[in-house]
Amino acid sequence: MAKFDLNDDSVVCIVGSGAGGGTLGNELAQRGIKVVILEAGARTEIQDFVNNEWESFTQLAWTDMRTTSGSWAVARNFPNLPAWIVKSVGGSTVHWAGASLRFEAHEFKTRTTYGDIPGANLLDWPITLAELEPYYARAESKMGVTRTNGIPGLPGNNNFKVMQAGATRVGYKEVHTGRMAINSEPRDGRGSCQQIGFCFQGCKSGAKWSTLYTEIPKGEATGNLEVRPGSMVARIEHDDSGKVTGVVYIDDKGVTQRQKARVVAVAGNSIESPRLLLNSASAKFPDGLANSSGQVGRNYMRHMTGNVYGIFDRPVHMYRGTTMAGIIRDEARNDPKRGFVGGYEMETISLGVPFMAAFVNPGAWGRSFTSVMDDYANMAGMWLIGEDMARETNRITLDPHVKDANGLPVASVHFDDHENDIAMRNHAIQQGSAIYEAVGATRTIPTPPYPSTHNMGTNRMSERPRDGVVNKFGQTHDIRNLFVSDGSQFTSGAACNPTLTIVSLAIRQAEHMAGMMQRREI
Amino acid sequence: MPAAALATAGLGISAQAAWAQSAKALAPHTLATLVLMSRDIFPHDHFPQKLYIIAALPWDEKAGSDAAFKALLEGGVARLDSDARDGGFGSYLATEWESDRVRLLQGIEQTPFFKKCRGDLVVSLYNQPAVWAKLGYEGSSAEHGGYIHRGFDDIDWLSSV
């Protein structure tokens, strides 16, 4: 396994090992480029994962202090946990559900399609669906996405069957077990789904794609990739010309180190990535790196989310098998006649008893609450996920008071729901309830958004440097050898789960970056 | 509710609440009150007392090493008892009807004491495997080979709806 010197200034240094960083690292390593990935979390392998929600949360979740503000329910219910993401090698690909959907063409052109929405800061992407399609195809092949490349869909579990039966009665047409990066048959050296459940706690069978046991070991096998777990990057440094020269990080022994680099790629998820750029402010860049537009940290998107659980008079056992076991796509279209722009997906979800108690109605107590828990075995559940509006005021800033263990300001997350988000959530909850009622639900329970699992937009792509942070390849407008490689590049969030698009962009970025390096442009 | 019944009968915390006497840091009356309060916060009539005691015992443990926390609990229970007396009951434990006790809890719902107790309980009660079994949740499954041969798709009533 490769081990690179701290003073080796020929390496590409990637911050983060998730969908963006882990994929980029392997793609570059396969091209013979030397890569150091600095990962803040520990290396937790498949055998270490536990089928226990709280224990797993302690093992994997990013629980470093963060603060929140704004009108969103998360700020009230989980003031110091704005996001449920992972701090471990593999990043949030360890706990993601596996849903792998392509954006629709219009979702790359939100400003053109939706118009000038008051209170929003919409912008078209500098790339189109047609440009990304070849990379979507490569990502689907790499990840083994079901219903692509001749890979069959997963079998439907009880939770899916309830949703499917209700959806059919309501008249929905596009209902299936999803496009999932979960093996329905053995592929790429990994086995098929054993319907364990606990997809959010790390897949014990390895059937679900994660950079932890696909991209990262493949990259390491080339001898060109070194992953350093327990390495929290504090700041990115630059020279007098403004070119970045490397990063300063605190290693797993608490010692401050400096890794030199030819290129730095930031892939720490949409809260940490802008935090790092802002914490890297210098005399030359007093507002933070790559922030001449003032857009670093802004346009934070987290998807319109919510849930509906249905209670029936007979057992469902929704927790058995794949957590996100199926999808209804009929509402994903853009149809402003519904009272909002953009669309949403309905995807099955289940929580175990410990998390159901914590999340179904945070802060609730008494018999209204416990009567829900008493019917846990008879419950089916769905997650509602739709496009939310980019807003300049929804943003990540540095908390002026709170510092982390290394003395660095923590990220503060401000979010206000846009009217469009609220109208869409109300519509989605009504439709979700109707689906369960159509198959005899005796009670439906709308639950508020959980801490964000999809975090997007805080270093967005733009054609013009004044509108965003990075160009169509994720290269920052301001600094040639500084890139952003995660979902913070997203100009809009679309109705679907972001990971497939993050991976596709990383494959495309690697190709472009390798070309630029070869041509000595960086 | 044995403790409440005993208290009403003038017997106080006696033999049937022997577990409360084993409180290490808290007064037995405080621990007994916290357990009844725990059931009133998350009432499941088919849960035996033991599950609420298990959920409450970590508070006694923590109170042993954290004086401020101990004061929070003792003070919170004292306030509940005082509110109960103001309402014409002898104490929280002696308030017989759940609906009356719920009203007392609603009166302190916004206090740090109540918020701390509810927030801890939602984990310490619902994270018990014995509670999972009561609610029909089967817990860890990987070591059993998942549900691929154990009923992940065994629902049989949908066609009859």
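How many bridges pair strand β9 (residues 263-266) of chain A with β17(A), and in which sense, parallel or antiparallel? In this predicted model, β9(A) and β17(A) are joined by three bridges, and the pairing is parallel. One of the residue pairs is easy to pick out: A:V264 has A:L482 of β17(A) as its bridge partner.

That pairing belongs to an open sheet of five strands in chain A, ordered β5-β2-β1-β9-β17 and paired in parallel. At its edges sit β5 (225-228) and β17 (482-484) of chain A, each with a pairing on one side only. On average, and ignoring direction, neighbouring strands here are turned by 20 degrees against each other. Elsewhere in the order, strand β1 (residues 12-15) of chain A runs parallel to β2(A), and four bridges join the two. A:I14 has A:I37 of β2(A) as its bridge partner. Strand β2 (residues 35-38) of chain A is covered on both faces: A:V35 and A:I37 are buried on one side, and A:V36 and A:L38 are buried on the other.

Several residues from these strands turn up again in the largest nonpolar core, which has 191 residues; the members that touch the most other members are A:V12, A:C13, A:I14, A:V35, A:V247, A:V264 and A:A265. As for who contributes to this core, helix α12 (residues 499-518) of chain A gives the largest share, with eight residues. In soluble globular proteins, nonpolar side chains tend to be buried together. Sequence neighbours up to four places away aside, A:C13 touches A:V36, A:L38, A:G246, A:V247, A:Q259, A:A261 and A:V264.

A:I236 shares some of those contacts. This residue lies in strand β6 (residues 232-238) of chain A, and A:I236 counts as buried because 26 other C-beta atoms lie within 10 Å. With neighbours within four places in sequence set aside, the contacts of A:I236 are A:V244, A:V247, A:V264, A:L276, A:S280, A:L289 and A:L482. A:H427 is a long way off by comparison with such contacts in sequence terms, 191 residues along the chain from A:I236, and the two C-alpha atoms are separated by 44 Å.

A second set of strands in chain A centres on β12. Strand β12 (residues 344-348) of chain A is mostly covered, with five of its five residues buried. A:Y344, A:M346 and A:T348 point one way from β12(A), while A:E345 and A:E347 point the other way, and all of them are buried. Strand β11 (residues 327-328) of chain A pairs with β12(A) in the antiparallel sense over two bridges, and A:I328 has A:M346 as its bridge partner. Strand β13 (residues 379-386) of chain A is also antiparallel to β12(A), joined by five bridges. In β13(A), A:M382 stands opposite A:T348.

Two residues in chain A have backbone angles worth a look. Most residues other than glycine have a negative phi, and most peptide bonds are trans. A:Q195, although not a glycine, has a positive phi of about 55 degrees. This residue is in the loop between β4 (175-176) and α7 (215-221) of chain A, and A:Q195 counts as buried because it has 24 C-beta neighbours inside 10 Å. A:R520, another residue other than glycine, has a positive phi near 60 degrees. A:R520 is in the segment after α12 of chain A and is exposed, with 6 other C-beta atoms within 10 Å.

Over in chain B, helix α5 (residues 67-86) packs against helix α7 (residues 112-124) at an angle of about 110 degrees, and their axes are 9 Å apart. The angle therefore makes α5(B) roughly perpendicular to α7(B). The residues that meet are B:L72, B:G75 and B:G76 from α5(B) and B:P112, B:F113 and B:K116 from α7(B). By class, the residues of this contact are three nonpolar, two polar and one charged.

Finally, the two chains meet each other: 37 residues of chain A are in contact with 30 residues of chain B. On the side of chain A that touches chain B, the elements giving two or more residues are α6 (158-170), α9 (353-359) and α10 (367-374) of chain A. That side of chain A has 17 nonpolar, 14 polar and six charged residues.

Definitions and conventions
Residues are numbered from 1 along each chain as its sequence is written. Chains are lettered from A and ligands numbered from 1 in the order in which they are written. This is a predicted model: local features need pLDDT of at least 70, side-chain atom pairs count only at pLDDT 80 or more; totals for chains, interfaces and linings use all residues. A nonpolar core is a set of buried Ala, Val, Leu, Ile, Met, Phe, Trp, Tyr and Cys residues joined through C-beta atoms within 7 Å. A residue is buried if 20 or more other C-beta atoms lie within 10 Å of its own, exposed if 12 or fewer, and partly exposed in between; C-beta atoms are placed from the backbone. Two residues are in contact if their C-beta atoms, placed from the backbone, lie within 7 Å. Axes are lines fitted to C-alpha atoms, for helices over the stretch in contact, and angles run from 0 to 180 degrees between N-to-C directions. Angles under 35 degrees count as roughly parallel, over 145 as roughly antiparallel, 65 to 115 as roughly perpendicular and the rest as oblique. Ala, Val, Leu, Ile, Met, Phe, Trp, Tyr, Cys and Pro count as nonpolar, Asp, Glu, Lys and Arg as charged, and the others, Gly among them, as polar. Two strands pair if DSSP finds at least two bridges between them.
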